Amino acid sequence: MTDSLPSFLSADVRLGAALEALAGAIGDLEVQQKKLDTLGGRVVALAKANSAEWSPTARSALSSLTARLALQQKTLDQTRAAFAAARDAVQANGRAHDLALEQYRERELARYQTMQVMTRRQGALARVLHSLIEQRRREAGMPDPDSEDYVLMKGAYDYIPFDVNRFLDLLGRLDTILSLDAAYADPRLRYRPVRFLEAGAGPGRNMMLLKASQLMLIESVAGIDLNGLQVSNGQVAFGLEDSLFVADALAFDYAPYDVIFSYRLFRDDAMQAQLEAQVVATMRVGAYLLAPFPFDLTLHPGLEAVDPDFDIWKKVR
Ligand SMILES: C[S@@+](CC[C@H](N)C(=O)[O-])C[C@H]1O[C@@H](n2cnc3c(N)ncnc32)[C@H](O)[C@@H]1O
């Protein structure tokens, strides 16, 4: 699409200019034809008025009119030639325009088909990943995610994993944002490696994905969850003994981290609002908050929506 769109647009512009020139040529033709008709009318009127006898004055007027008529006929012929050229240019540009449009359509179709393939592949990879994680969970002796053992507290969501592809997309987008953020500039790297925290990390699947995907430059990855069973199982399953801890996200200090990921912990709006207030109050200025499905982060004037499509926010004051 990217390379065919400009050629389609310039064909469009050229056709527009040719049509405009044709409209001008038609206008000229009408003007010159009218002039010729007027002169012709004057010759006929003169002939009628002098049909009985031609006086020298009438003869001289006739000869002057005839000369002007011949000149006007020449001008009209030239105008006709200009009109024919303008018409041919419209036809040629019309054909070029149709061709460019056809090429554009073909490329758009190819792009759409490629996107379909990529989407299916993404879905397939997410399913493969999910089944490997499930296998790992069973091997580590972790109960089924739907088991009663995971029920936490009233108002809180139990473990609901964030969509893998959306999580990876989010990381890719944040990587770009960090590479453009002067506050994270590094003399040798795309940006200074960041300290990442996931609030409500469950067994730490996202922490594992973040490290394994290498989509971002990371100094450290940490996670907290109030569900001790999730945490201990995740520590075993994903080797997160040193980085996944039991802690209450509502009372946690978020200051040491550059990036905080928090996928909606509470179904209860008041509790979710309380969590968001706690995160914003304690996170450091310059840190990023990735918060899909928040209660309302616009309530916090110190937070700026860096990329609303990806739920990426930054504390700016
Ligand atoms: C919707 S799941 C999110 C799972 C994970 N963050 C993800 O995106 O894949 C919410 C998680 O928050 C945890 N949680 C709920 N209340 C909490 C609290 N007060 N402190 C810490 N974690 C909590 C739950 O145990 C659950 O694992």
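The legends below describe close-up views of a predicted model.

**View 1. The ligand and the residues that surround it.** The shell around the ligand holds 25 residues, of which F162, E198, G200, D225 and D248 come nearest. By residue type, this shell divides into 15 nonpolar, four polar and six charged residues. Polar atoms of the protein approach both oxygen and nitrogen atoms of the ligand, as three examples show. A backbone N or O atom of F162 is placed 2.8 Å from an oxygen atom of the ligand, and a polar side-chain atom of N206 lies 3.1 Å from a ligand oxygen atom. In the side chain of D248, an N or O atom is found 2.8 Å from a nitrogen atom of the ligand. The ligand taken alone would expose 600 Å², and the protein buries 99% of that area.

**View 2. Helix α4 and the residue that follows it.** Helix α4 spans residues 205-213, and its buried residues are R205, N206, M207, L209 and L210. Among these buried residues, N206 also has the polar side-chain atom that lies 3.1 Å from an oxygen atom of the ligand. In an α-helix there are 3.6 residues a turn, so residues three or four places apart point the same way. After α4 comes Q214, for which phi is positive, near 55°.

**View 3. Aromatic pairs, with Y184 and Y288 as the example that joins distant parts of the chain.** The model contains eight aromatic pairs. One of them is formed by Y184 and Y288, whose rings are tilted, with 5.9 Å from centre to centre and 50° between the planes. This pair links parts of the chain that are 104 residues apart, since Y184 belongs to the loop between α3 (164-179) and β1 (194-199), while Y288 belongs to strand β5 (residues 288-290). Y184 counts as buried because its relative accessibility is 1%, and Y288 likewise counts as buried because its relative accessibility is 2%. In another aromatic pair, F252 and Y257 are stacked, with their centres 6.3 Å apart and an angle of 20° between the planes. Both F252 and Y257 are buried.

**View 4. An aromatic cluster that includes F162.** Five residues, F162, F167, F261, Y263 and F293, form one aromatic cluster. Of these, F162 is also among the residues that come nearest to the ligand, and a backbone N or O atom of F162 lies 2.8 Å from a ligand oxygen atom.

**View 5. D307 at the end of strand β6.** D307 is located in strand β6, which comprises residues 303-307. With a relative accessibility of 9%, D307 counts as buried, because the cut-off for a buried residue is under 20%. A polar atom of the D307 side chain lies 3.1 Å from the backbone nitrogen of D309.

**View 6. The two domains and the contact between H97 and D12.** The chain is divided into domain 1, covering residues 2-121, and domain 2, covering residues 164-315. The C-alpha centres of domain 1 and domain 2 are 65 Å apart. H97 is placed in helix α2, which runs over residues 56-139, and H97 is buried because its relative accessible area is 12%, where buried means under 20%. The side chains of H97 and D12 make a polar contact at 2.7 Å.

Note on methods. Residues numbered from 1 in each chain as written. Predicted model: local features only at pLDDT ≥ 70, side-chain atom pairs only at ≥ 80, totals over all residues. Heavy atoms only, no water. Near = heavy atom within 4 Å. Polar contact = N/O pair within 3.5 Å; in protein donor to acceptor, adjacent residues only side chain to side chain. Areas by Shrake-Rupley, 256 points an atom, 1.4 Å probe, with all protein chains shown as cover. Nonpolar A, V, L, I, M, F, W, Y, C, P; charged D, E, K, R; others polar. Domains from an automatic or database assignment. Phe/Tyr/Trp six-rings, centres within 6.5 Å; stacked < 30°, edge-to-face > 60°. Helix = DSSP H or I, 4+ residues; strand = E, 2+ residues; numbered from the N terminus. Buried < 20%, exposed > 50% of the residue type's maximum accessible area, 1.4 Å probe, protein only.
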